[in-house]
Structures are given as structure tokens and as C-alpha cells.
Amino acid sequence: MLTIIVLTYNHETTIRATLDSVLEQKTSYPYEILICEDRSTDRTSQICRDYAARHPGRIRLNAQPRNTGGKHLREGLCSVHTKYLSLLEGDDYWCDENKIQLALDFLEQHPDYTTFAHDTWFNEVASGTKKSLVHDILKAVPENPITLDSAPYFHTSARIHRNVVDFTRFPKKLMVYDIYLFYFYLDKGLLHYSDRIMSVYNITGTGMWSKLSPRDQEKNKDISFFTINRLLAFKHDALLTSKISTRRPLMALKRLLGVRAGWIVYLLARYRSLTV
């Protein structure tokens, strides 16, 4: 019924907790774990092989022969054939053993919903402080049903999706990020939010995102919003434009050149590079 994609690279100190948090789920629904391991340079690969050997039929291991820089997520998504899917990074974990049962009970009873989500602890590893993403950081008060236009950005570890997006139809050169999943699935249907904390995001400063400079984070977000916009035929252009921090020049260029050309000129002028 459900595939949990565990995306991992150099997570030898955390990957056991990640996998155990999924294996310890109490649910009547059959599920599998697909480990996408990106040629780690530490002991992550060996740990994943050990778990796969101990849990045949429950864990599949997709170990890359060479590092892909995160591009193996697309390969993992294309290999999912279950009714539902979820994504969990190898340094995060679930903290509620009933998560799968609660999520699939709801989605099975509500076919017009494509996503189930919940709150997440944001754990500052260095200081040991935890904050609720929804209430402490976003200051959000989500009201169901949640649409693409009204959704706060629920964390990767907090979402289970109905498998209704065909990633085999997207360009092979496309570098798929989790933010794409968030918008692609919301474009297909509603999201239901459960106001309980069922996952933990560990902020270490060494993750693929957190280790980027603020400038590179902004660049990646802006290019991602353009890519999402383009792949969804610009039907959510107003919403995605509102996500851009320096949107006034973008809006001016769109009025002058049109939506698609305006985005491209804006990104090329601001960052000097763009894969379109």
C-alpha cells in the first residue's frame, strides 16, 4: 500500500534511527522501505545493506554505483508502484508509531485528498532545542481542507502522498527536489492536516540544504519555483511569483515580456545561470 523512500548520504550516525522509526510502525497496512543510497563515503552503505539483509521483503536497497548529488531521488520516485508514497531523509525520523495507520485510514476514506500531513519538531542539534514547525516557526493555523493556494510548507518527513504523479513523464535531466512533490501533489488534490507532531527534522548544518549559503538557498528556491511553474503550465503563476523574495522586478519583466520569458530573463539576470 505504501512505499517510504529513505534518501540517504553519509548518515551513518542517524540512519539506524530513521529506519527503526519506520520499522516500528504499528499498522494494519502493508508497507515497504525503499532506501536510495547515494554512494556514501562513510559506513552508511554497509548499515543499509545490513538492514536490507535482516528485513527481506520489507526493505529494498537502491545503492548507487557512483554519487549522483541527489539526482537518485527521481529514480526512486519512478520505481514506486504502491498506492501511496512518502519521503524521509536519512537524518530525520518519525516519532509516532501510529503515523501510517492514521494517514492511510484518512486517505482510504477520502479519495479526493492526495496528501496527509502533520506538524514536525525542528530540532536544533547543537543547542538541543525543539520548535514546532507549524505553530512556533510558521505561526500558521491550518484549516482543513487545505488547497495549494492556502497550504503552508509542511516538512518532507510530515507528508504521505497518494501516488498520482507520473515522474517518468518529466524530463530525465530534471533535478527533482522535495518542494516539487509538495506542489505537484497539491495540484492534484486536497491536503488534510493533523495537528499532532509525528516527525523530527534534525538541523545539523551539514545537510544538503542547511549547508548552503543564504544566496545559494535563495537561488535554488527561485529556480525551483520557476521549474514547478513551467511543469504545471504556469496555471499557479500568481502564487509562485508571490514566493519570490525580489518579485517586483520579476513582475515588471513578466508585464514586458510575458510570463515564461519574464521568468527566464529575471533568473538569468539575477543568477547568471539557469537550466530550463
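Two residues are in contact here when their heavy atoms lie within 4.5 Å. With that in hand, let's walk through this predicted model.

**Stop 1: Asn229.** Select Asn229, which you will find in helix α7, residues 214-231. Its relative accessibility is 1%, so Asn229 counts as buried, the cut-off for that being under 20%. Now show what surrounds it: setting aside neighbours within four places in sequence, Asn229 touches Phe234, Lys235, His236, Asp237, Leu240 and Trp263. Keep Trp263 in mind for the last stop.

**Stop 2: Tyr153 and Phe182.** Next, colour the aromatic rings; the structure holds 15 aromatic pairs. Pick Tyr153 and Phe182, an edge-to-face pair with 4.6 Å from centre to centre and 65 degrees between the planes. Tyr153 belongs to the loop between α5 (133-137) and β8 (159-162), while Phe182 is in helix α6 (residues 178-188), so this pair ties together parts 29 residues apart in sequence. Buried or exposed, what is Phe182? At a relative accessible area of 2%, Phe182 is buried, whereas Tyr153 is partly exposed at 31%. Before leaving, add Arg159 to the view: Arg159 lies over the face of Tyr153, 5.6 Å from the ring centre.

**Stop 3: Tyr183 and Phe225.** Stay on helix α6 and select Tyr183, then Phe225 in helix α7; the two link distant parts of the chain, 42 residues apart. Their ring centres are 6.1 Å apart and their planes stand at 75 degrees, so this pair is edge-to-face. Tyr183 is buried, with a relative accessible area of 5%, and Phe225 is buried too, at 6%.

**Stop 4: an aromatic cluster.** Which residues come together in one aromatic cluster? Select Phe167, Phe170, Tyr177, Tyr180, Phe184 and Tyr185 to display it.

**Stop 5: Arg54 and Tyr51.** Here is another charge over a ring: the charged end of Arg54 sits over Tyr51, 4.5 Å from the ring centre.

**Stop 6: helices α9 and α10.** Finally, show α9 (residues 247-257) and α10 (residues 259-271) as cartoons. Their axes come within 7 Å and cross at roughly 135 degrees, which makes α9 oblique to α10. The crossing of α9 and α10 is right-handed. To see the contact itself, turn on side chains: α9 contributes Pro249, Leu250, Leu253, Lys254 and Leu257, and α10 contributes Val259, Ala261, Gly262, Trp263, Val265 and Tyr266. There is Trp263 again, in the α9 and α10 contact as well as in contact with Asn229.

Conventions: Residues numbered from 1 in each chain as written. Predicted model: local features only at pLDDT ≥ 70, side-chain atom pairs only at ≥ 80, totals over all residues. Heavy atoms only, no water. Helix = DSSP H or I, 4+ residues; strand = E, 2+ residues; numbered from the N terminus. Buried < 20%, exposed > 50% of the residue type's maximum accessible area, 1.4 Å probe, protein only. Phe/Tyr/Trp six-rings, centres within 6.5 Å; stacked < 30°, edge-to-face > 60°. Lys NZ or Arg CZ within 6 Å of the ring centre and 35° of its normal. Axes fitted to C-alpha atoms, helices over the stretch in contact; angles between N-to-C directions. Parallel < 35°, antiparallel > 145°, perpendicular 65-115°, else oblique. Left-handed = near helix turned anticlockwise from the far one by under 90°.
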